[in-house]
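Work through the exercises below with the sequence and the 3D structure open. Each task is followed by a solution in steps.

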Amino acid sequence: MNVARSPRRPLSLAILLSCSCFAKAQSPAIVLPGLTPEQTALCDPHKTCDHNLCDATTCIQTLADHQQMLDQLHISSLRPGPANHKDAHPPNLDESKANPWPNLPDPLILNNGRRVTTAKMWWQQRRPQIVEYFDREVYGRVPPHVPKVTWEVVSATRETQSDVPVTSKQLAGRVDNSSYPLITVNIRLSLIVPANASGPVPIILKFGSAPTPRPGAARAPVTPAWAQQILAKGWGYALLSTTSIQTENGAGLRSGIIGLVNHGQYRKPDGWGALRAWAWGADRAMDYFETDPSVDARQVGVEGHSRDGKAALVVMAYDRRYAIAYVSSSGTGGAKLLRRNFGEPIEDLAAEREYHWMAGNFLKYAGPLTPNDLPVDAHELIALCAPRPVFIGGGATTGSPNDAGADPPGSFLAAVAASPVYKLLGKKGLGVTTLPPIATPLIEGDIGFRQHTEGHTDLPNWPTFLAFASRYLRSPAPSPHVAP
């Protein structure tokens, strides 16, 4: 797993991780009302208040949920992660120390040791084995009887975005809670499509942790740049609120869709975490897209950044109806190799602030096991997307701002290791094995990659992704009629 890099890109150690990648500067110590100093340190060590853990009730409930999972696993302690414990070692940003476990699981070797040599063997034998490992050990299993979702168009309006006439729909996915009325789940989804299209259009579903606009709420005066670029191609876009599906902290695991299915009880170790729940929500959004005549459901992409980038990759891996994905700065738990020690380590995902994203069993690999004990790694998650195209983006790991916590080179290595599966299925993977210079797009294969220089953001790579996606998605010819 060697990554070629220029000597003019020295690695900096002057940065600390936050839960999304790097921590903000620490402010003077505070004590949250109702919490001991020790609990405060666990809930909010860097005073960023991410995941709403500056709220004492939420924090205490999160600590209790995390501890009960450790009890179920018979684990007395975990290795501390730098984003969660101030006394932990700082994150490694030294490339020479980044690959302590260079031998990855081979996605084309069956559990019995036989090599996968045909597409039939991949689909019928190897792929199900990999899915089972991710279900059990990493993201958790979706229960067999999740309640039905009924979609309702709350409002539909005609408006103009960036000089493009559009139809904007606000939708609510009502989850049947008749089995447990104490918990209500209503999925929030927005759909914006060009009003003058001559037929159904491709759309890009974008994950977001913030709620989507509600009917009657004031709208932003300017359409986001990424949305402008999508509309300029004659495509539409959708916004899916992750927090309307599953709350963004450990306390929320007994509410949302996970809590509804579990009737308010704690998860089992192989139960689904928030990432898998958000992906389930995207699956239900696709159910709706298949019924909407304005959407070409065969040409729906999914995009997410940071934690939402993790979810976007999980969607693409599990739901084969999605045509393409843009996975931005997804880091550990996303496209970055879990065996790689650079930036955000696996210990952060297993700790109190982020464990809710993952299955309970995942905590084992931050103590007593190590990432090298995992039966799968991120390259196999990318391989589950094959033969469909995936674009992986991130920022530079040096300079200011940077994206070192997300470790885009670790995602590049995963893309390299996933490429043999694409080749087996008649496609071209990444096409190279050496990390390219910053701002060099790799979009000739069916796995795309690019790093930019603007830090932990997905915005600079949108034009490259859309150029990549244009090889696969096609919009209908513009309507000759102008909408009234």
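**Exercise 1: helix H6**

Of the 16 residues of H6, 15 are buried, so H6 is largely enclosed by the rest of the structure. Buried means under 20% relative accessible area, exposed over 50%, and partly exposed in between (1.4 Å probe, protein chains only). Helices (H or I, at least four residues) and strands (E, at least two) are DSSP runs, numbered from the N terminus. The model is predicted: local features need pLDDT of at least 70, side-chain atom pairs count only at pLDDT 80 or more, and totals for chains, interfaces and linings use all residues. Residues are numbered from 1 along each chain as its sequence is written, and side-chain values use heavy atoms, with hydrogens and water left out.

Task: Compare the reach of H6 with the expected span.

Solution. Step 1: the expected span of a helix is 1.5 Å times one less than its number of residues. Step 2: H6 has 16 residues, with 22 Å expected. Step 3: from the first C-alpha to the last, H6 reaches 22 Å, close to that expected value.

**Exercise 2: a salt bridge within H6**

Task: Locate the salt bridge between Arg284 and Asp287 and describe the exposure of Arg284 and of Asp287.

Solution. Step 1: a salt bridge is a side-chain nitrogen of Lys or Arg within 4 Å of a carboxyl oxygen of Asp or Glu. Step 2: the side chains of Arg284 and Asp287 satisfy this at 2.6 Å, N to O. Step 3: both residues lie in H6 (residues 274–289), 3 residues apart, about one turn of the helix. Step 4: Arg284 is buried at 19% relative accessible area, whereas Asp287 is partly exposed at 28%. Step 5: the pair belongs to a salt-bridge network that links Arg284, Asp287, Glu290, Asp319 and Arg321.

**Exercise 3: two further salt bridges**

Task: For the pairs Glu137 with Arg136 and Asp296 with Arg298, give the N to O distance and the exposure of each partner.

Solution. Step 1: the salt bridge of Glu137 and Arg136 spans 2.6 Å. Step 2: Glu137 is buried at 4% relative accessible area, while Arg136 is partly exposed at 30%. Step 3: Asp296 and Arg298 meet at 3.3 Å. Step 4: Asp296 is buried, with 9% relative accessibility, and Arg298 is exposed, with 71%. Step 5: the structure holds 20 salt bridges, for context.

**Exercise 4: Asp407**

Task: Is Asp407 buried or exposed, and which residues does Asp407 touch?

Solution. Step 1: Asp407 sits in the loop between strand E8 (390–395) and helix H10 (408–424). Step 2: Asp407 has a relative accessible area of 0% and is buried. Step 3: leaving out residues up to four places away in sequence, Asp407 touches Lys336, Arg340 and Phe342, where contact means heavy atoms within 4.5 Å. Step 4: the side chains of Asp407 and Arg340 also make a polar contact at 2.6 Å. A polar contact is a pair of N or O atoms within 3.5 Å; within protein, one must be able to donate a hydrogen and the other to accept it, and residues adjacent in sequence count only if both atoms are side-chain atoms.

**Exercise 5: the chain as a whole**

Task: What percentage of the residues in the chain is buried, and how many helices and strands are there?

Solution. Step 1: the chain has 484 residues, of which 58% are buried. Step 2: the chain contains 11 helices and 9 strands. Step 3: among contacts between residues at least 6 apart in sequence, 72% join residues at least 24 apart.
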